[in-house]
Structures are given as structure tokens and as C-alpha cells.
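Open your viewer and get ready to select residues by number. We'll go stop by stop, with a short note on what to look for at each one.

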Amino acid sequence: MSTTCTTCPYCGVGCGLEISVREGRAIEVAGDAAHPANRGRMCSKSAALADTVGLEGRLLAPRIGRRPVPWDEALEAVARGLARTIAEHGPDAVAFYVSGQLLTEDYYVANKLMKGFIGAANIDTNSRLCMASTVAGHKRAFGADIVPGCYEDLEQAELVVLIGANSAWCHPVLYQRIIAARGPDKRLVVIDPRRTATCDEADMHLPLRPGTDVRLMNGLFAHLLETGHADEAFAARATDGLSAMRPILAAQDQSIAAVAADCGLDEGLVAAFFTLFGQTEKVVTLFSQGVNQSACGTDKVNAIINCHLLTGRIGRPGMGPFSLTGQPNAMGGREVGGLANQLAAHMGFEADSLSRVARFWKAPRLAARPGLKAVDMFDAVLDGRIKAIWIMGTNPAVSLPDSGRVRRALDACPLVIVSDCMETTDTTAFAHILLPAAAWGEKSGTVTNSERRISRQRAFLAPPGQARADWRIIADVACRMGFASAFSYRTAADVFREHAALSGFENGGRRAFDISGLAGISDAEYDAFPPVQWPVPPGRREGTPRLPRHRYFHPRGTAAMVGVAPPPLPATAGRYPMLLNTGRIRDQWHSMTRTGLSPRLAAHLAEPFVEVHPDDARTFKLEDTGLARMESARGTALLRVGVTDRQRKGLLFAPIHWSDDNAASALAGRLIGAICDPVSGQPAFKQTPVAIAPYRPAWVGYLFSRERTLGRLLRRNRVDYWVRIPMAGGYAYELADGTARSVRAVFSALAAAAPGAEVIDFHDPARGRHRWAMLHGHALTHCLMTAPPGGLPARETVAGLLDEQYFDVDNRLLLLSGCTNDGQEDKGPLICSCFGVSLGAIVDAIAGSGARSVEDIGAMLKAGTNCGSCRPELKSILEREMEEVAA
Ligand code: SF4
């Protein structure tokens, strides 16, 4: 076995992993104990990476239309298509939409081609959707997009405040680091409308009314001022703007009672939080999508930073505002200029930066002004201003708000080029030219995590078929467009050296982002490159954990407290009485093109769902585990209902992951309007007015199959509800529909697609039950079971049939009866993905075997003893079961 050190492809924590390749594409994944981000820890998603590196669903050859073509023909078609569009309509008619999944080297080459050589700045990244408000807030506060602190600050802090961040699920390893460092004098406060898994370990949870973050943080600011917690010497020496804050604070009643009332919080809770914050010197405030994905996200970021600038709690061990980035290389994109309003290497479109970058790149037609941000970019595609778009490593038909509008735009666009590693995504369906990109494990380059740490991602598998690295695809197109002298890179290391050199070009300490100390590294040094935090200025190789606390990048070298006023509260009324919040779940990633391949990860939360408070469930007649249709002004969705008091009354929560590729109607983006923060251009994903109503099917069912693309058949036959769930040996499609017609149509379509197969057919009309199976040889290939609601056996009971090599008499009986020979019961959802421990087993351990702590459960079942991602859920199951035992 060979072992390679690389980084995880999922969230912005940026954990180091050790990958051992056994044979072929079979790998083993372990945490890299030497990587400073995780020190050997992993989470449930990284622990399941081995399930995602197979070739199922991979795009293996370039295509024009449906036709596979050689690379030369595809690259020529891309180059000619872009050149023709530019010649006929000008450079602004071309756009690139890129991704925080790209490596820095990919990003750099794409940005250079668009801004330096095509001559427009229409390149934007899906990181616009996750942290553009932080970038804008950082620039307003610090004069540059800097993250002042590092992960060790989270362990050294005496108070960690998490705002709008479900870190237990979305940044699990960092959350585990915070929890592991806790002691009697260390507090954790969570500010979030939902009682998420992150709250389970918190000392205090403030379930504030959505949209009141600025009101709360301004109230805190006023309290800190009033109670003498301002660091006046620091504020005078290193900051501006305190005077601008005073009239904003004076415009509202800043008493704790008034702040608490506006935020929908208990007054005593707000008082306790303000006192704790005021009296604790070492405070880190972490924030993420609940802050950023808002129509006033930039103001929220500044309201948080203001409190740290006022108290001087920044740039010292255990202190500071800290943005958690969503994607593995969101930060790398910020560094190279992957956002349309940045030029390159943290430079903007000022005259001196334009001149500097034009000279460095020897760019013939450098873009002179910012380009279109993500939402505006797709609007321009729809109205015909943009006539050619190249989408790289992302799935905007799922992830952007108002996805129906995005799809209409792609449908109308004369030239859509998509580089992706997967063949069938909601976005590749619109591609005129499809380019097979190398996937994680096949690519080599660098990524930057939330604490500015640049790490190597190293290849350990050969790219399959004709897949290639993104930077090479872009450079090959650039060469064919006539820019060979600027794009003749041999390796990713060549690209990195140029990127590092640009960061230091005419810098002289004036720009925060400077890694020119790495500009001269050799290929061998690049291969062995250890994780390092920027800046790495000239003459150095070691990084900088914390940025200096007295030096910022506004013209006077100061930071700024930005006067921000609370926005009007989001309105719900009339037809749409509820507010929909959206976000990630623990075991899935983005649009599930990779995590959706893993049975282990699907076992945690297998279906798309909407969480609703019990009072709202009563009001709208919704049943737990039933189905509900949600409707907004933009579209509809049909989701499984979860009734929980973790949800605030009046609010709903739905995950962002399911797409039209893996579910009938579960796309959160279809409901969300494209309302953006006016400063950052980041869309608001957290407060969409919606209506919700129960959906009562005529029948429910399962379709088990080895085929991944049966969703198309189900969609053609208008099955109202289906969701694809990976299982051992194939997939389970969970079904529900309102008419008997559709189930007969599905039977017929499956039978027509497999002439000659042995068919087992069983109908019980009196009870409305139908069982139908198809065998090839002795193996089951398809099985469809339908019944009235409540009439099906547990999915897990029969799903294992697909994995049987020999479909014998017992299996046939099981198929017909829905019961195993040993009468095994459904054990419920998987809670611990690492060791396959179900809810039922955990309940048994508590109720039957006397487990009384998370550690007891770990000792009995091993649950929670590997990555720790499930520990908050174990704690909450334990508390719930103990209440029942006590009752
Ligand atoms: Fe990957 Fe998990 Fe680390 Fe995020 S926390 S980088 S998903 S291992």
C-alpha cells in the first residue's frame, strides 16, 4: 500500500488526511496526525471518502452534445466558441462561473484568462453563496480581506460564541477541537434561531428571532461601552469609526429589555450573555452561513467585528472575530481574485492595481472594472447580455437561489460549457460542451482553509478515462485562443510559483496577502510543501499564525468600526405565513454528487425533509414522518416532515442538498428568491416566506434497483415523490403518489426496459399491496413494492436483497411477506456512520443495558469514538431516553 498526505475535499476546516491505496481505486482514509488543522481527527464525511472515489457516474470523455469527442476537438470547440462570442459581442458577453472546490492553481489560471486576456471580469465563484459577506465585512473593517486569528485561538479562548453556525454538523472537526479544549472556566454560547446539534454542548443558547443579529450585537456593543469594557487605548490607536457608531446606537433603545424584546429573547438570557461577554477577556466569535447568507450579511459581519475592535479583543491568543468558510478552497478563490469584484492577489480595480497586474501578466486587455456577481451573472445570461458561460466544478442549477430562473437562463444561453467530474448533474444537463475534470484524489495543487492555512492536495489516483486537471484544461483553451506565451505551464507548481510571485509584486508590505516567500520553491519543495499560514513575505518560508493587532490596511493603517443599523424584520403574511431557513446536514455535501454515493452517509438522514415546530405542525395539520408540500412565490417542494421543538415557531428548516437528479421535488433553491446583500452580492438563503400543507398520498412504495438513473423514469411517469438512496448493492427509491395510474405506469416501464427477465408478480388487491420483482439469472435486479400509507415493511428489512448474489426461496418469501426469517426489526436511522450504529441499538443500550453517558454508549457500541460527529446526537438521544426512563 502506498500512502499519500492530502487534504479533505469538503469543508473549510481543511483537515489533513492520509490516504492508503490498496489496489485499483480502493482506498483507506485516516486523519493526518501531523496536520495542524485536525491533528489526526476526522468527521463522518471524511471517514466515508472511500465510498466516493469509484467510477460510478463519472464523466470520462469530452462531449459535444451527446457525442464523445477527442480532447483536441473539444478544446478547439471551446476556444472557437469563446473567441467567436467575444468577436461578435465583446468580452462582456463571456462569463466563467467557478467553484470553491477548485484548487488555487485552477482558480488562478481561470482568473488570469478571464480578467487578463479575455478582458472582462465576469468570473465569479460559488463562494459568493457562502462567504462574500465576510469578505466585504473584512474589507470594510480591516481594509483587506484578512482573518486575524487561527484555530488555536478557539482552544485558548475562555468564551467561544458561535453565531449562525451549526459547527457540530458543518465544521465537525473544529467543533470537536472546541469541545475537547473545554474546562470549567471555558464557556460556549450559541446564537441561532434553531436549537441545532451545536447547542447540545453549549452553556447558553440564544434562539433569536431571524434577522435580529445586528440588533443583538449593537446592543452588546452599547452594553460594553456603557459598562466600561471598551479598550480605549486600542480603539484610539488602531481603529476609526467609534463616533459613527454613537448616533446609530442612540437611534434605538439599547436597554437589555428593549434588545431582548426585539430579538425575541428572554431578557435574563440576554443580560447573562452580555455580562459573560463583557467580563471575559479571551473571547472568540465564530460566524458562518447564518450571518453571511442574508440580505444584510455584511452588516452582521461588521456588527460582530465592531465588538472585538471596541474591546481590543483581536490579534491576541484566544481572541478575535473568526469567519468559518464553507468550502475547502473558498479562501484560495479569495486569494487569486475568483470573485468578480476583485482583480487578483487581493487587489481591486484601482488604477495602480490595474497597472501592476497588467504589467505582471503582460496582459493585453486587462478588465478595467468589476464583473457581474453570481446572481447578476445568471440574470445577464437570461436576458442575453452573456452569450457564453463556462461552469467549472459546481452545480448552479441546484445551488443558486431561484433555480427555476437559473435553469431558464442556461436553457436560453447559446453556449454552455461545463467542466465536471460527474456525468449527470442538474447543470451538466444544459451543457453544449462537457469537459471531464479530474476529481479529488486525482488532482494536485493547493487549498487554503479558514485560518489562512495553505495545504497541499496531492493526487493518489490516476485520472480515469480522459479526465484532466482543471488548470490544464483552462490553459489549453487559453493557448488555443492565442495566449500561449502566458499559459504554457508545465505543472501545477509552475502556476503556484507565479501566483506567489504576483502576491509580492510591488507589495512592500502594503497588501496583506503576500506569499512571495514561496515564489522560488522548487518542484520537490512544492511536492513536500508543509501546511503554512499566509502571509509568507519575501525571505521567509514559515507562516504567520496571527496577524499583528495594531496594523490594518485602511489608509491610516487603522481598522474601522462600521456603523450598522438593524434592518427591518423579514415579513411573512397572507399566503406565505412561515419563514424557510435552509442549510447543510451532517453527512451530506452540497448537491450530493459525491456523498450521495455512500450508503453509510445516506443512513443518517436518508430523505429530504422539512423541520417544523410542534405548534406549527398542529396548525397546518402536519404529521411527523408524513409528507408536506411547501410553496413560495418562486416554486414548490415536496418533503418528509420532521416535527421538533428544536425549531422556532413560525420557522421551517430544509436542507440544501437534494437536487432533481436524486429527488422528485426537493430542491430548496427552487423556493428561494434571489434577494442579495447590496454590499456583498451574497444571496439570502435563510428567510424565504413560504406556505406549507400536508400531502396525503394514495400509495407509498420502494423501488430497489442497481440503476442510478431511474429517477428519469419516475419523473417521466409523474411519480409525485421519489428520492434515491444509496444502499449496499444498489439504490432504494422511496416513492409516494396520489394516483394509482402512476404505479401501473412504473410497472410497465420497468418491464418494457428488460425483456427476457424473470418476473415475480404478487398482488393483494383487497389490501392494496403489490410486489413485483425482476431477476436476471439468480440475482435480483429490480423490486417494486407498493401499499397504502403505513402498509410497507421497513426499507432496511428488504433492501439487503439487492446485495444477495443468489436469490433463493427464503429471499422470495421475504420479498412477498416483507419479513425476515429471523423476524429482525427495523433499527431506525444510522446515528454513528463510522461504526454503523443505529438509533435502535443506542436506545437498547440506554434502556436495556444501562448506558448513562455518551462514554458508556461508546464503550458498549463504539458509537462516537472515532470522528465524534455524532456525539451531540448521542447526548440528545441519551437525554430523551433518560427522561422516558425517569417518567
Ligand atoms: Fe473534511 Fe470533516 Fe475536516 Fe471538514 S471537518 S475538512 S468535512 S474532515
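Which residue forms a salt bridge with Arg 600? Select Asp 51 along with Arg 600: the closest N and O atoms of this salt bridge are 3.6 Å apart. (A salt bridge here is a side-chain nitrogen of Lys or Arg within 4 Å of a carboxyl oxygen of Asp or Glu.)

Before we go on, some ground rules. You're looking at a predicted model, where local features need pLDDT of at least 70, side-chain atom pairs count only at pLDDT 80 or more, and totals for chains, interfaces and linings use all residues. Residues are numbered from 1 along each chain as its sequence is written, and side-chain values use heavy atoms, with hydrogens and water left out.

**Stop 1: salt bridges**

Stay with that opening pair, which links distant parts of the chain, 549 residues apart. Arg 600 is in helix α23 (residues 599-602), while Asp 51 is in the loop between α1 (44-47) and β4 (63-64). (Helices are DSSP runs of H or I with at least four residues, strands are runs of E with at least two, and both are numbered from the N terminus.) Arg 600 has a relative accessibility of 26%, so it counts as partly exposed. Asp 51 is partly exposed too, with a relative accessible area of 29%. (Buried means under 20% relative accessible area, exposed means over 50%, and partly exposed is in between, using a 1.4 Å probe and protein chains only.)

Next, select Glu 155 and Arg 177, whose side chains meet in a salt bridge at 3.0 Å, N to O. Again the pair links distant parts of the chain: Glu 155 is in helix α5 (residues 151-156) and Arg 177 in helix α7 (residues 172-180), 22 residues apart. Glu 155 is buried at a relative accessible area of 16%, and Arg 177 is buried at 2%. Now add Arg 39 and Glu 152 to your selection: together with Glu 155 and Arg 177, they are linked in a network of salt bridges.

For one more pair, pick Glu 451 and Arg 453, whose salt bridge is 2.8 Å, N to O. Glu 451 is buried, with a relative accessible area of 2%, and Arg 453 counts as buried at 10% relative accessibility. How many salt bridges are there by this rule? The count comes to 58.

**Stop 2: around the ligand**

Which residues are around the ligand? Select Cys 8, Tyr 10, Cys 11, Val 13, Gly 14, Cys 15, Cys 43, Lys 45, Ser 46, Pro 172 and Val 173. (Near means that one of a residue's heavy atoms lies within 4 Å of the molecule or strand.) The elements α1 and α7 give two or more residues to this shell. Try colouring the shell by type: it divides into eight nonpolar, two polar and one charged. (Ala, Val, Leu, Ile, Met, Phe, Trp, Tyr, Cys and Pro count as nonpolar, Asp, Glu, Lys and Arg as charged, and the others, Gly among them, as polar.)

**Stop 3: aromatic rings**

Time for rings: the count comes to 18 aromatic pairs. (Rings of Phe, Tyr and Trp, taking the six-membered ring of Trp, pair if their centres lie within 6.5 Å; planes under 30 degrees apart are stacked, over 60 edge-to-face, and the rest tilted.)

Show Phe 142 and Tyr 552. Their ring centres are 5.5 Å apart and their planes are at 20°, so this pair is stacked. Phe 142 lies in helix α4 (residues 128-142) and Tyr 552 in the loop between β19 (532-533) and β20 (559-560), so the pair ties together parts 410 residues apart in sequence. Both Phe 142 and Tyr 552 are buried.

Then show Trp 440 and Phe 460: with centres 5.2 Å apart and planes at 75°, this pair is edge-to-face. Both Trp 440 and Phe 460 are buried. For a cluster, select Phe 117, Phe 483, Phe 487 and Tyr 489, which form one aromatic cluster.

Now look for a charge over a ring. (That means NZ of Lys or CZ of Arg is within 6 Å of the ring centre and within 35 degrees of the ring normal.) The charged end of Arg 194 sits over the ring of Phe 653, 3.5 Å from its centre. Arg 456 has its charged end over the ring of Tyr 526, 4.2 Å from the centre.

**Stop 4: the backbone**

Hide the side chains and go to Trp 534 and Pro 535: the peptide bond from Trp 534 to Pro 535 is cis, with omega near 5°. Pro 535 is in the loop between β19 and β20.

Last, compare Ala 345 and Thr 625. Ala 345 is not a glycine, yet has a positive phi of about 50°; Thr 625, not a glycine either, has a positive phi of about 70°. Is Thr 625 buried or exposed? Thr 625 is exposed, with a relative accessible area of 54%, whereas Ala 345 is buried at 2%.
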